[in-house]
Each structure stands twice: as C-alpha cells, then as structure tokens.
Amino acid sequence: MKGPQTVIRALTLLRHIAAIHPHGIAIGALAELTELDRATAYRLVSSLVEFGLVTKDPSKNYRLGVEAMQLGLAAMRSAPIIDRVRPVMQRLARRTDDTVFLVVRNGDYGHCIHCEEGSYPVKALVLQIGGMRVLGIGSAGVTLLSAMPDAEIEALHKRHLEEFRPRGPSLSELKKLLKDTRQRGYADTRDLVADGVSGVGMRFEIDTGSHAAISVAAIKSRMNADRKAWIASLIAEELRTSDFLPTWNEVKPRKRP
C-alpha cells in the first residue's frame, strides 16, 4: 500500500477501536468493518500496538492504548470547542443560577470537558471535568444518543448492561426517553444519575456530522416542566446567537417561571 493509503486505513482502524472502547473488538470484526483482508488489518493494528496507540487484551480484543489516551487528554485540556462554548456556558450559568456542562461523545461514552457553576447555593455537580459516563445516562448523554440509529443504540445498551443496571434505564425505557427527546428537541431527565437531580440537555453541531451537548443540572425541586422548557429555550437561544446549530428550533422568548 502507498504511504497515504496506509495512514488512512490505520487511522480508520483506530477510529473503529475508539468507538467501541473499552469493550474491545476482535481483529475479524475490525477487518469486516473496514473491508480489509484479515492479514492487512492485523498488520496495521500491530503497528498501532507498537506505538502504544492500541493495546491487545488477554481475550485478543483491541482497545485504545495509553498513548491514545494521553493524546486525547492533552487535546481535551485545550480543545478549541471549549474556548468557543465557554461564553455561552457562562451566560447560561448566570441566567439559570445552575451548573452547566459541556459534553462530547467519546466512543460509547459522554466525556465532560468543561463546566460552569451557577450562583444557586445547592449545586448538582453530577459530572466532573474529565469524567465519562455511558451515553444514555444523564441529559447530555441522552441527547447525544438520540442522534444515533436504533440498531446502534440497542447494541450499545447490550454492551453496557452492567452500567445501566444499577439505576436504569432498561432498553424499553431508554427507547421511550430517546423518542421523547427527538420529538421535543432536548433531553428531559430526572433521577437518572442521582436521586433528586434533574437535567435538561441539548446537542448541537460543532462540525459537519459531529455533535457536542450542553446540559443544565439542578435539584429536582427547581426543575418543573415550565422551568425546563425555559432553560431549553435559553440554551437554544445562546447557541444560535453564537452561530451554533442546536437541535431545537423553537427559540421563542419565554418568561422565567
């Protein structure tokens, strides 16, 4: 293979491995996904292993290696998206008095890369910067997951049953939640992450086909239906003002409940 073609194929393999990390993926599945013959896929993945970008576990599945994680963490510490979205988050924290989170998709997980705290004394700090939670748990994860096809959602839920089981939702509950999210344009969650905590999440486009999510979390007593709709309208308004494309088109001004 010519140099550029080799690089493209190797990076494609890396992307597929990242998408299913930390579950792991076998060489046969990788070859099938990339439409490469098994020998070529194995040779390319072995090169990624040699550079520490990929590791091979005892069951012979491939996962991201330490070097890939180091690169990811270094990128997240100064991600350009943070600089672009920080003013939006600061205004939202000031207008709602609650905690605002910025979450990006990292394989099967939502990765929190920034947060802004509001002035309300009782804070719902359900995520820490750098923290990861499987998509479908938490309002940011729900709105990001709602962009995926149903078959991928079912496969993700099956891969992470142990993470869903402690609090739910079940697959049927998750599908209902995602259906409501798609129809509404934003995620409306309660008690998914912790008892007494409720949230609103909305995804938005950062690049063509690539999404991040902003969520606002607070104690449940502060998050009735009217206030959640108001918060969603604020998120959409702030995103549009900053030239982002939110999933919710309804940006009519709403009075603060």
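## Around Arg227

Start with Arg227, which touches Thr96, Asp98, Arg222, Arg256 and Pro257, leaving out residues up to four places away in sequence. This comes from a predicted model. You'll find Arg227 in helix α10, which covers residues 225–241. Is Arg227 buried or exposed? Arg227 is buried, with a relative accessible area of 7%.

## The largest nonpolar core

Helix α10 turns up again in the largest nonpolar core, where it gives the largest share, eight residues. That core has 31 residues, and Val85, Leu102, Phe204, Ile214 and Ile235 are the ones that touch the most other members. Which elements each supply at least two residues of this core? They are α5 (80–96), β3, β7 (197–207), β8 (210–219) and α10.

Take Val85 as a way in. Setting aside neighbours within four places in sequence, Val85 is in contact with Leu102, Phe204, Ile214 and Phe244. There's also a second, separate core of 26 residues, and Ile137, Leu156, Leu174 and Leu178 are among them.

## Strand β4 and its partners

Now for strand β4, residues 109–116. Eight of its eight residues are buried, so the strand is largely enclosed by the rest of the structure.

On one pairing, β4 runs antiparallel to strand β3 (residues 99–106), and seven bridges join the two. Here Val104 stands opposite His111 of β4. The two strands make a hairpin with two residues between them, and in the turn Gly107 has a positive phi of about 65 degrees.

Strand β4 also pairs with strand β5 (residues 132–134), again antiparallel, through three bridges. What is the bridge partner of His111 in β5? That partner is Met132. So to trace both pairings in the viewer, look for His111: Val104 stands opposite it, and Met132 is its bridge partner in β5.

## Cysteines without disulfides

How many disulfides does the structure hold? The count is zero. Cys112 is in no disulfide, and the nearest cysteine sulfur, that of Cys115, is 5.7 Å away. Looking from the other side, Cys115 is in no disulfide either, with the sulfur of Cys112 as its nearest cysteine sulfur at 5.7 Å. Because a disulfide needs the two sulfur atoms within 2.5 Å, this pair, at 5.7 Å, doesn't count as one.

Cys112 is also buried, at 1% relative accessibility.

Notes
Residues are numbered from 1 along each chain as its sequence is written. This is a predicted model: local features need pLDDT of at least 70, side-chain atom pairs count only at pLDDT 80 or more; totals for chains, interfaces and linings use all residues. Side-chain values use heavy atoms; hydrogens and water are left out. Helices (H or I, at least four residues) and strands (E, at least two) are DSSP runs, numbered from the N terminus. Buried means under 20% relative accessible area, exposed over 50%, partly exposed in between (1.4 Å probe, protein chains only). Contact means heavy atoms within 4.5 Å. Two strands pair if DSSP finds at least two bridges between them. A nonpolar core is a set of buried Ala, Val, Leu, Ile, Met, Phe, Trp, Tyr and Cys residues joined through side-chain atoms within 4.5 Å.
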